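User: Let us go through this model together, starting with its overall architecture.

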Amino acid sequence: MTALAGTTPPRIEARGVTVRFGGLVALDSVDLAVPPGAVVGLVGPNGAGKSTLFAVLSGLLRPSSGAVLMDGRDVTSVSAQARARHGLARTFQHPELFPGLTVRQHVVLAYRLRHARRRIWTDLVTAGGFRRAGAEEDRRVDGILAALRLTPYVHLPVAGLPLGTGRLLEIARALAVDPNVLLLDEPSSGLDARETDELAATLTGLVAEHGVSLLLVEHDVELVLGISDFVHVLDFGVGISAGTPAEVRADPAVRAAYLGTEEDEHDGPDENVEHDRQDEERATA
Ligand SMILES: Nc1ncnc2c1ncn2[C@@H]1O[C@H](COP(=O)(O)OP(=O)(O)O)[C@@H](O)[C@H]1O
Ligand SMILES: [Mg+2]
């Protein structure tokens with residue numbers, strides 16, 4: 001991955017991205033790159049600008065200035081749909097699942113949206129609904145379900161599934177369109193410690209097996225530091241630190257702004273500790 005990073009442009013990249021909401025500068029000239037095959041983490045206290053950057057990268061929000069590139073191409077004014085066709089997939093913090101469909105049907109639907117769009121319409125007008133498709137579809141869909149450890153649940157309707165399973169299904173759906181870069185918005189939100197550990201192992205496996213690059217936007221700092229190749233830290237819309245997990249963990253600016261303030265040797269007053277404490281508590285729990 002590091003060898004590739006020097007020669008191949010990043011899958012997706014923010015260059016000098018600034019976003020203003022009226023007088024508020026939500027992002028101030030932020031740089032971030034997701035190299036091929038890398039897991040990149042984006043962390044920061046509440047209100048730091050993570051979701052704003054996520055929206056800019058996925059194409060839902062035009063930056064006030066700066067650029068977004070995919071594989072070296074400027075896509076700043078390219079729609080979210082066109083970015084998706086170019087290999088970008090994303091999950092939502094609050095997944096929209098169809099309660100009556102099974103786990104497998106969700107992934108089939110996502111697969112057909114990309115690979116066999118016309119089948120969706122024929123299935124809709126055919127009594128009996130979903131027909132089985134070819135061996136290739138079965139192989140891909142079942143492979144994705146297995147990679148996300150969803151095989152035991154494939155025939156269950158999603159209504160009543162645990163939240164953690166729903167999140168894995170959301171990732172499975174995103175993978176079914178064969179993305180080369182996947183943006184995950186708070187995938188650990190609402191998960192307990194065991195589910196979060198499983199998620200971490202699953203995400204690491206995905207990168208190894210599918211070669212997909214990941215951008216992980218998370219409030220769970222330990223999850224991000226545990227599985228990312230590079231980590232970016234935002235604070236009040238400014239990129240205050242970037243590097244390997246070890247570098248970021250050791251960075252005094254990060255510790256002051258975000259990580260375990262109880263370890264700080266700061267003696268003077270520090271305005272940064274006025275940040276929303278919720279994330280810090282989670283991070284140090
Ligand atoms: N649509 C919007 N209009 C106005 N202000 C916004 C909007 N979205 C976000 N903000 C503000 O921008 C800042 C960054 O928000 P956000 O990107 O949601 O942070 P994070 O995801 O890191 O918690 C916050 O101060 C937030 O209130
Ligand atoms: Mg957010």
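User: In what order do the 6 strands of the open sheet with mixed pairing stand?
Analyst: The order is 6-7-8-3-9-10. Strands, of at least two residues (E), and helices, of at least four (H or I), are DSSP runs numbered from the N terminus, and two strands pair if DSSP finds at least two bridges between them. Please note that this is a predicted model, in which local features need pLDDT (the predictor's confidence in each residue, from 0 to 100) of at least 70, side-chain atom pairs count only at pLDDT 80 or more, and totals for chains, interfaces and linings use all residues. Residues are numbered from 1 along each chain as its sequence is written, while chains are lettered from A and ligands numbered from 1 in the order in which they are written.

User: And which strands stand at the edges there?
Analyst: Strand 6 (88-90) and strand 10 (238-243) do; each has a single partner strand, so one side of each lacks a neighbour in the sheet. On average, neighbouring strands of this sheet are turned by 15° against each other, direction ignored.

User: What packs on that sheet?
Analyst: Helix 2 does, touching strand 3 (39-43), strand 6, strand 7 (181-185), strand 8 (213-217) and strand 9. A contact requires C-beta atoms, placed from the backbone, to lie within 7 Å. The direction of helix 2 makes about 150° with that of strand 7; axes are lines fitted to C-alpha atoms, for helices over the stretch in contact, and angles run from 0 to 180 degrees between N-to-C directions.

User: How many bridges join strand 9 to strand 10?
Analyst: There are 5, and the two strands run antiparallel. His232 stands opposite Ala242 in strand 10, and Asp235 stands opposite Val238 in strand 10.

User: Anything unusual in the hairpin? Which residue takes a positive phi?
Analyst: Phe236 does, with phi near 50°, in a hairpin that has 2 residues between the strands. Most residues other than glycine have a negative phi. Phe236 is partly exposed, as 17 other C-beta atoms lie within 10 Å; 20 or more such atoms within 10 Å make a residue buried, 12 or fewer exposed, and anything in between partly exposed, with C-beta atoms placed from the backbone.

User: Next, the other sheet. What is the order of its 4 strands?
Analyst: That open sheet has the order 2-1-4-5, with antiparallel pairing. Strand 2 and strand 5 (73-74) are its edge strands, each pairing on one side only. Strand 1 (residues 12-21) and strand 4 (residues 65-70) pair over 5 bridges, and Glu13 has Leu69 in strand 4 as its bridge partner. Helix 2 packs on this sheet as well, touching strand 1, strand 2 and strand 4, and its direction makes about 120° with that of strand 1.

User: What about the loop between strand 4 and strand 5: which residue is found there?
Analyst: Asp71 is found in that loop. Asp71 has a positive phi of about 50° although it is not a glycine, and it counts as partly exposed, with 16 C-beta neighbours inside 10 Å.

User: Helix 2 keeps coming up. How many of its residues are buried?
Analyst: The count is 7 of 9, so helix 2 is largely enclosed by the rest of the structure. Among them are Lys50, Leu53, Phe54 and Val56. Gly59, whose phi is positive, near 95°, follows helix 2.

User: Now the ligand. Which residues are around ligand 1?
Analyst: They are Phe21, Leu24, Ala26, Gly44, Asn46, Gly47, Ala48, Gly49, Lys50, Ser51 and Thr52, where near means a C-beta atom, placed from the backbone, within 6 Å of the molecule. Strand 2 (24-34) and helix 2 (50-58) each give two or more residues, and the largest share, 3 residues, comes from helix 2.

User: How does that shell divide by polarity?
Analyst: The shell has 4 nonpolar residues, 6 polar and 1 charged. Ala, Val, Leu, Ile, Met, Phe, Trp, Tyr, Cys and Pro count as nonpolar, Asp, Glu, Lys and Arg as charged, and the others, Gly among them, as polar.

User: Finally, confidence. Where does pLDDT stay under 50?
Analyst: It does so over residues 262-285, for which the model has 26 contacts beyond four places in sequence. The protein chain averages a pLDDT of 84, and 81% of the residues score at least 70.

Key: Two residues are in contact if their C-beta atoms, placed from the backbone, lie within 7 Å.
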